[in-house]
Amino acid sequence: MTALQPAEEHAPELWTSPSAFAYVPSVPGPALRVMLFLLGVQEPGGRIVITQEDIASALGMKRSAVGLSLQHLQFARIVWKERQGVYQLNPQVAGFTTPAEAGEAIRQMKEAFYLDVEDFEERYQAAVEEHQEALKRKAAVRKVPTMPPTDLAAHRQRRSGQGRRAQTATTE
């Protein structure tokens with residue numbers, strides 16, 4: 001399947017739980033658009049091979065907005081990135097060929113990735129806050145100078161003085 005084939009080609013093949021959307025936390029609107037798009041282009045089992053640029057082009061969004069949307073979907077544990085251009089939908093929202101396949105995939109999931117838990121919204125919010133705090137820590141580290149500022153004029157003068165001494169020593 002190519003990344004942008006219409007969902008109709010797989011619609012008769014895919015089965016998903018009707019309660020799949022009951023456990024979507026309050027992600028930003030663009031993230032919902034990306035999620036719905038991913039649901040439409042997934043392979044059976046929820047695997048998606050597509051670039052952020054292709055998603056952006058298909059949805060008329062900027063690539064940076066798609067990246068941020070995917071990040072929110074990852075915080076919500078709805079999708080995860082396997083590698084560059086390959087994503088996997090959570091089995092609780094992914095489409096499968098049969099309900100039995102869906103059930104088996106869900107049984108094999110780690111409990112931390114379950115969406116049908118009471119605190120799914122709190123887990124999402126905590127992941128977003130943790131990410132924002134990490135960004136603040138990185139920004140603070142970047143603002144702290146590691147060395148005092150260099151006096152460029154004095155540095156150039158020292159270098160030019162050393163250069164002249166070296167030239168006079170070699171000519172003698």
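## Overall layout

The protein's secondary structure adds up to 6 helices and 3 strands. This is a predicted model. Walk along the sequence and the elements come in the order α-β-α-α-β-β-α-α-α.

Of the 172 residues in the protein, 32% are buried. Take the contacts with a separation of 6 or more, and 63% of them involve residues 24 or more positions apart.

## The nonpolar core

The largest nonpolar core has 32 residues, and the members that touch the most others are V34, L38, I55, L70, L73, I78 and L89. Two or more residues apiece come from α1 (29–41), α2 (52–59), α3 (63–75), β3 (86–89), α4 (99–107) and α5 (120–143). The top contributor is α1, which puts in 7 residues.

L38 is a good place to start looking around. Leaving aside residues up to four places away in sequence, L38 touches I48, I50, I55, L70, L73, V79 and L89. L38 also turns up in the contact of α1 with α3, and again where α1 meets α2.

## How α1 packs

Start with α3 as the partner. The axes of α1 and α3 come within 8 Å and cross at roughly 80°, so the two helices are roughly perpendicular to each other. On the α1 side the contact uses P30, A31, V34, M35 and L38, while α3 brings S69, L70, H72 and L73. Sorted by class, that gives 7 nonpolar residues, 2 polar and no charged.

Now for α2. Here the axes of α1 and α2 are 11 Å apart, at an angle of about 105°, which means this pair is roughly perpendicular too. R33, V34, F37 and L38 of α1 meet I55, A58 and L59 of α2. The class count for this contact is 6 nonpolar, no polar and 1 charged. V34 appears in this contact and is also part of the one with α3.

## α3 and its surroundings

With 13 residues at 1.5 Å a residue, α3 should span 18 Å, and its end C-alpha atoms are indeed 18 Å apart, so the two agree. The buried residues of this helix are V66, S69, L70, H72, L73 and F75. Their cover includes α1, α2, β2, β3 and α5.

What about the packing against α5? The axes of α3 and α5 lie 8 Å apart at an angle of about 125°, so these helices are oblique to each other. From α3 come Q71, H72 and F75, and from α5 come Y124, A127, V128 and H131. This contact divides into 4 nonpolar and 3 polar residues, with no charged ones. H72 belongs to this contact as well as to the one α3 makes with α1.

## Just past the end of α3

Which residue just after α3 takes a positive phi? That would be R77, with a phi near 65°, and R77 isn't a glycine. R77 sits in the loop between α3 and β2 (79–83).

Is R77 buried, exposed or partly exposed? Its relative accessibility is 27%, so R77 counts as partly exposed, given that buried means under 20% and exposed means over 50%.

Terms used
Residues are numbered from 1 along each chain as its sequence is written. This is a predicted model: local features need pLDDT of at least 70, side-chain atom pairs count only at pLDDT 80 or more; totals for chains, interfaces and linings use all residues. Side-chain values use heavy atoms; hydrogens and water are left out. A nonpolar core is a set of buried Ala, Val, Leu, Ile, Met, Phe, Trp, Tyr and Cys residues joined through side-chain atoms within 4.5 Å. Buried means under 20% relative accessible area, exposed over 50%, partly exposed in between (1.4 Å probe, protein chains only). Helices (H or I, at least four residues) and strands (E, at least two) are DSSP runs, numbered from the N terminus. Contact means heavy atoms within 4.5 Å. Axes are lines fitted to C-alpha atoms, for helices over the stretch in contact, and angles run from 0 to 180 degrees between N-to-C directions. Angles under 35 degrees count as roughly parallel, over 145 as roughly antiparallel, 65 to 115 as roughly perpendicular and the rest as oblique. Ala, Val, Leu, Ile, Met, Phe, Trp, Tyr, Cys and Pro count as nonpolar, Asp, Glu, Lys and Arg as charged, and the others, Gly among them, as polar. The expected span of a helix is 1.5 Å times one less than its number of residues.
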